[in-house]
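Me: Got a minute to walk through this one with me? I'd like a quick picture of how it's put together.
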Amino acid sequence: MMNDLQKSDCCEVAMSAANEIDGSIEESQERRRQAKGNTGEVHTRRTQSRGSVSQGLDCVRERAKAKKKERFTALLHLIDPDRLRVSYFALKRDAAPGVDGVTWEQYGQSLEKNLVDLHGRIHRGAYRATASKRQYIPKSDGRKRPLGIAAIEDKIAQRAVVEVLNAIYEQDFLGFSYGFRPGRSQHDALDALAAGITQTKVNWIVDADIQCFFDSVSHEWLMRFVEHRVGDPRLLRLIAKWLKAGVMEEGTLTINERGTPQGAVASPLLANIYLHYVFDLWAERWRKRCARGSMIVVRYADDIVCGFEHEVEARRFMAQLKERLEQFDLTMHEQKTRLLQFGRFAAQKRAKRDVGKPETFNFLGFTHICGRARSGAFQLKRKTRSDRMRAKLKDIKEGLRRKMHESFAVQGQWLQRVYRGYCAYHAVPTNLTQLRVFRYHIVVCWWRLLRRRSQKDRTKWATMIRVADRWLPTPRVLHPWPDSRFLVKHPRWEPSARIAPARFCAGGE
């Protein structure tokens with residue numbers, strides 16, 4: 001086994017004998033584009049030291065794909081100065097510093113010296129993780145989301161480790177998992193959900209929500225899940241150090257036995273690993289063994305949406321999902337988890353029972369609605385969530401106040417960047433009206449701000465329209481129809497599904 005690795009001049013990968021069990025079940029994964037960056041590259045890439053930072057990952061990736069039950073016992077040697085350097089330059093340069101106060105620019109003043117020192121401490125076992133700095137950002141519902149800002153060295157080390165682990169777990173993660181994965185975006189998850197609803201017999205939607213997921217992750221279960229594929233004790237200790245580093249808030253250090261800080265570089269991957277074993281594998285097995293009708297699954301981080309053909313199966317899935325989460329110290333949010341009638345025939349069936357229009361649900365910033373096309377056929381409509389739009393307009397209003405006495409050009413350029421960034425995500429088909437409403441409210445806020453700059457200001461609305469037309473482009477749809485883009489990226493069905501109606505799973509091959 002090791003001779004094959006020596007012949008290919010790749011990294012040294014050790015495999016335990018206990019994992020040489022025949023008949024391992026390989027999870028079905030969708031046919032997808034190669035991931036961007038080092039994790040998905042086939043060809044190696046030169047670095048400043050004229051070495052390659054992806055050649056070793058190619059070996060790990062190929063071995064992980066071929067041997068689904070193999071544990072990798074030698075991985076830390078892949079964390080070298082070249083990989084740490086790539087991780088440093090991949091970080092956001094304007095990100096807030098951690099508790100040490102060191103910024104990206106300050107760390108880069110002696111970059112090579114710092115990276116060599118960091119590399120040595122990691123391999124000697126002298127590396128110590130720094131506590132994360134607690135910060136809060138407002139949410140659309142008025143609450144605040146806690147974030148953990150790691151120190152610059154922790155960010156570099158975490159991103160290097162995530163790059164190595166991605167080479168393994170990208171071969172294991174299932175097709176309907178979309179959150180924080182290389183080469184996948186929120187619109188890929190939205191396309192998969194839309195294609196599943198419109199092209200399969202989906203009549204019921206389970207909108208599941210895990211209560212305080214990132215704060216409820218069990219460290220013990222997480223380390224056990226990671227050990228399924230990672231057998232390098234040095235790398236496992238490194239991950240444990242980040243989990244036990246704690247959070248610094250107002251000078252007080254808090255060490256938690258649960259949770260991963262939101263905002264940490266490694267948290268998204270660790271969350272995906274946790275939910276892969278807790279939810280993904282279980283949902284895939286439930287779909288093959290228990291579902292007798294159509295069933296689709298889409299998961300983006302801890303946001304889960306499942307579609308069912310039969311109500312009884314949807315209710316049974318919800319009940320068993322609650323029990324499954326409780327086994328791994330997770331709790332389903334009772335108020336936010338819903339079962340609603342949704343799909344092509346939801347309007348007719350609800351009209352017969354005289355219970356009103358079909359309910360709507362939210363997913364990744366869009367409200368999904370059972371609508372009708374001009375021809376009268378069923379059409380899934382997606383509109384920007386009203387609370388998210390109001391929150392964004394509030395931020396724009398506050399930003400304009402800070403720029404009250406700037407010139408038209410400065411204000412216009414800033415609004416143009418904000419507006420184009422908003423449209424880059426929300427400009428999907430069936431959402432054009434909401435984009436026009438959003439632009440109208442921006443113009444109104446801008447006009448009122450200009451009139452408040454002076455008591456003698458007499459800016460007319462017609463003048464304001466001409467000024468807005470110069471800086472704010474007319475709204476237009478920037479994204480294709482979701483089913484068209486989804487079928488282009490994933491042209492084949494999943495061959496491993498046992499039931500014909502269940503073969504189409506959002507994200508399936």
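Me: What share of the contacts between residues at least 6 apart in sequence join residues at least 24 apart?
Reply: It's 72% of them. Keep in mind that this is a predicted model.

Me: OK. How many helices and strands does the chain have?
Reply: There are 18 helices and 11 strands.

Me: And what percentage of the residues is buried?
Reply: Buried residues come to 51% of the 509 in the chain.

Me: Let's do the sheet. In what order do the 4 strands of the open sheet run?
Reply: The order is 6-7-3-8, with antiparallel pairing. Strand 6 (295-300) and strand 8 (338-341) are the edge strands, and each has a single partner, so one side of each has no neighbour in the sheet. From one strand to the next, the twist averages 15°.

Me: Which helices pack on it?
Reply: Helix 11 (residues 267-289) packs on the sheet and touches strand 6 and strand 7, with its direction at about 175° to that of strand 6. Helix 12 (residues 311-327) packs on the sheet too, touching strand 3, strand 6, strand 7 and strand 8. The direction of helix 12 makes about 15° with that of strand 3.

Me: Back to strand 6. Are its residues buried or exposed?
Reply: Buried, 6 of the 6, so strand 6 is largely enclosed by the rest of the structure.

Me: Which of its residues point which way?
Reply: Met-295, Val-297 and Arg-299 point one way, while Ile-296, Val-298 and Tyr-300 point the other way, and all are buried. In a regular strand, side chains alternate between the two faces of the sheet.

Me: How does strand 6 connect to strand 7?
Reply: They form a hairpin with 2 residues between them. Ala-301, in the turn, has a positive phi of about 60°. The two strands pair in the antiparallel sense over 6 bridges, and Arg-299 has Ile-304 of strand 7 as its bridge partner.

Me: What about strand 7 with strand 3?
Reply: Strand 3 (residues 204-209) and strand 7 (residues 303-308) are also an antiparallel pair, over 6 bridges. There, Val-206 stands opposite Cys-306 of strand 7.

Me: Since Ala-301 has a positive phi, what's the phi of Asp-329?
Reply: Asp-329 has a phi near 65°, which is positive in a residue other than glycine. Asp-329 sits in the loop between helix 12 and strand 8. Its relative accessibility is 33%, so Asp-329 counts as partly exposed.

Me: And Asp-354?
Reply: Asp-354 isn't a glycine either, and its phi is positive at about 55°. You'll find Asp-354 in the loop between helix 13 (346-353) and strand 9 (361-363). Is Asp-354 buried or exposed, you may ask? Exposed, because its relative accessibility is 71%.

Me: Switching to helix packing. At what angle do helix 3 and helix 6 pack?
Reply: Helix 3 (residues 81-90) packs against helix 6 at about 110°, with the axes 8 Å apart. The two are therefore roughly perpendicular, and their crossing is right-handed.

Me: Which residues meet there?
Reply: From helix 3 it's Arg-83, Leu-84, Ser-87, Tyr-88 and Ala-90, and from helix 6 it's Ile-156, Ala-157, Arg-159, Ala-160, Glu-163 and Val-164. By class, that gives 7 nonpolar, 1 polar and 3 charged residues.

Me: What about helix 5 with helix 6?
Reply: Helix 5 (residues 111-124) and helix 6 (residues 152-169) pack at about 65°, and their axes are 11 Å apart. That makes helix 5 roughly perpendicular to helix 6. This crossing is right-handed. Asn-114, Leu-115, Leu-118, Arg-121 and Ile-122 of helix 5 make the contact with Glu-153, Ile-156 and Ala-157 of helix 6. The contact has 5 nonpolar, 1 polar and 2 charged residues.

Me: Last one: how do helix 16 and helix 17 cross?
Reply: The axes of helix 16 (residues 432-452) and helix 17 (residues 461-471) come within 10 Å and cross at roughly 120°. That makes helix 16 oblique to helix 17, and the crossing is right-handed.

Me: What's in that contact, by class?
Reply: It has 11 nonpolar, no polar and 2 charged residues. Among them are Trp-446 and Trp-447 in helix 16, and Trp-461 and Trp-471 in helix 17.

Terms used:
Residues numbered from 1 in each chain as written. Predicted model: local features only at pLDDT ≥ 70, side-chain atom pairs only at ≥ 80, totals over all residues. Heavy atoms only, no water. Axes fitted to C-alpha atoms, helices over the stretch in contact; angles between N-to-C directions. Parallel < 35°, antiparallel > 145°, perpendicular 65-115°, else oblique. Left-handed = near helix turned anticlockwise from the far one by under 90°. Contact = heavy atoms within 4.5 Å. Nonpolar A, V, L, I, M, F, W, Y, C, P; charged D, E, K, R; others polar. Pairing = 2+ DSSP bridges. Buried < 20%, exposed > 50% of the residue type's maximum accessible area, 1.4 Å probe, protein only.
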